[in-house]
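Visitor: I would like to learn how to read this model. Could you take me through it step by step?

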Amino acid sequence: MSEAKDYSLLVGQAAKVRTIFFGNIMVVYAGMVSEQVYSVVVRWTSGNNSLAYNLYMGRDQKEVHLPKGKLMVSSANRERINFRFFDGS
């Protein structure tokens, strides 16, 4: 059964949403690049290794798939994003 947790992030804030093996998956809100597009950074870290990538979504897109889970975005504006993370394991 999947677990769900609610998050609210300001621009630049990060939240650890999932631990995989010895690493962590974090989500960082990068704000809105235009009136209709917002950006989320997905960051994976394990020891001294890491990777990150930006996802750009239209304002109406509410579902974002991540490794081993998904985000359901309830709202996104210039300052804040509110979402629920569903664990996919």
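**Strands, sheets and one phenylalanine**

Guide: Start with Phe86, which sits in strand 8, residues 80-87. Keep in mind that the model is predicted.

Visitor: Is Phe86 buried, partly exposed or exposed?

Guide: Use the cut-offs: under 20% relative accessible area is buried, over 50% is exposed, and partly exposed lies in between. Phe86 has 25% relative accessibility, so Phe86 counts as partly exposed.

Visitor: How far apart are Phe86 and Arg18, in sequence and in space?

Guide: Count along the chain, then check the C-alpha atoms. The two residues are 68 apart in sequence, yet their C-alpha atoms are 9.7 Å apart.

Visitor: Which strand order does the sheet with strand 8 have?

Guide: The order is 1-8-7-6, an open sheet of four strands with antiparallel pairing. Strand 1 (4-10) and strand 6 (63-66) are the edges; each has a single partner strand, so one side of each lacks a neighbour in the sheet. Direction ignored, neighbouring strands here are turned by 25° against each other on average.

Visitor: How many bridges join strand 7 to strand 8?

Guide: Seven, with strand 7 (residues 69-76) running antiparallel to strand 8. In one of these pairings, Val73 has Phe83 of strand 8 as its bridge partner.

Visitor: What is the order in the sheet with strand 2?

Guide: Read 2-3-4-5: an open, four-stranded sheet, paired antiparallel. Strand 2 (14-20) and strand 5 (49-58) each have a single partner strand, so one side of each is without a neighbour in the sheet. From one strand to the next, the twist averages 25°.

Visitor: Which residue in strand 4 is the bridge partner of Asn24?

Guide: Thr45. Strand 3 (residues 23-34) and strand 4 (residues 37-46) run antiparallel, joined by nine bridges.

Notes. Residues are numbered from 1 along each chain as its sequence is written. This is a predicted model: local features need pLDDT of at least 70, side-chain atom pairs count only at pLDDT 80 or more; totals for chains, interfaces and linings use all residues. Side-chain values use heavy atoms; hydrogens and water are left out. Helices (H or I, at least four residues) and strands (E, at least two) are DSSP runs, numbered from the N terminus. Buried means under 20% relative accessible area, exposed over 50%, partly exposed in between (1.4 Å probe, protein chains only). Two strands pair if DSSP finds at least two bridges between them. Axes are lines fitted to C-alpha atoms, for helices over the stretch in contact, and angles run from 0 to 180 degrees between N-to-C directions.
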